[in-house]
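Colleague: Please give me a close look at a single part of this model, strand by strand. Pick a stretch of sheet and tell me what stands opposite what.

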Amino acid sequence: RTSFELDVETVKASDEDAGWHPVEGKTLVSWYGSEPAVSEGDVVEVRGKLKLLKGFKNPGIFDYEKYMYRRGIYTRTLARGAEAVALVHTADIGKPAAWRYLLRRKALDILSHSVRTEETRAFLSAILIGERDQLAEEMKEWFKQTGTFHVLAISGLHVGLVYLISSLALAAVFPSLKLRAALSILIVWTYALVTGAGIPVTRASFMLTLVLVGYLLDREGDFLTAVALAAFVLFLLDPLSIDE
């Protein structure tokens, strides 16, 4: 099975339907019976059954439905067979999504050539980049049973570590503190794009950028102001991000 999020532009009920109807939103596609032949940013045509997402209603348990709604996903599409997903055209290199995909692919290729075993590559890809699809089900179950599955989620801690490592590495090459700060901003946002630019990573990157820009402008950085401004900007872009 291959799963991916699809930004839906048009739909039609069946082949007998007169034409395509424009829509907006996302659906979670589960594609059974074929190896993945599409990449992030590609335009595809999917044939399958579209269903509303349903979560468990027991009180006190994880609300899957609400979690997916916060991500803008309200439906699931079940597609079966090699012909269920057809490539219309490949990703437009001029779009940000295509650049994010290329950066992510390059990072995964570097990891692939840097380790010897599949298990190590899958673990590093998950813990460093957030690519958990390569993890074996047995390994995922280990993390769940030990209560450590959260370490695979890319968060602000990862951004802080990237900044710390990059600033230490740049210190050996560039004597200028301001140049190192500017390059660190670039490195942090590149990492954010590689990991998918999730809400926690974007928030931490924005906060760090505000502090470093204040330093570049010879202004005293204020952590609480950076937190408040980052939260406000993210709230304007996505009101549901306040829950993450």
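Modeller: Two strands pair if DSSP finds at least two bridges between them, and the elements are DSSP runs numbered from the N terminus, helices being H or I with at least four residues and strands E with at least two. This is a predicted model, so local features need pLDDT of at least 70 and side-chain atom pairs 80 or more, while totals for chains, interfaces and linings use all residues. Residues count from 1 along each chain as its sequence is written, and side-chain values use heavy atoms, without hydrogens or water.

Let's start from β4, residues 26-32. Five of its seven residues are buried (under 20% relative accessible area with a 1.4 Å probe, protein chains only; exposed is over 50%, partly exposed in between), so call it a mostly covered strand. β4 has β1 (residues 2-7) as an antiparallel partner, with six bridges between them. If you want a spot to click on there, try aspartate 7, which faces lysine 26 of β4.

β4 also pairs with β7 (residues 73-80), this time in the parallel sense and over seven bridges. Here leucine 28 has arginine 76 of β7 opposite it. Follow arginine 76 and you reach another strand: lysine 51 stands opposite that arginine too. The pairing behind this is the one between β6 (49-52) and β7, which is antiparallel and runs over four bridges. So β7 is bridged in the parallel sense to β4 and in the antiparallel sense to β6, and side chains in a regular strand alternate between the two faces of the sheet.

There's a nice side-chain contact as well. Arginine 80 has its charged end over the ring of tyrosine 32, 4.7 Å from the ring centre; that label needs CZ of Arg, or NZ of Lys, within 6 Å of the centre and within 35 degrees of the ring normal. Both strands are ones we've just met: tyrosine 32 falls in β4 (residues 26-32), and arginine 80 in β7 (residues 73-80).

Last stop, just past β6. Leucine 53 sits in the loop between β6 and α1 (64-70). It counts as buried because its relative accessible area is 3%. Along the chain, leucine 53 and isoleucine 73 are 20 residues apart, yet 8.3 Å separates their C-alpha atoms. Isoleucine 73 brings you back to β7, residues 73-80.
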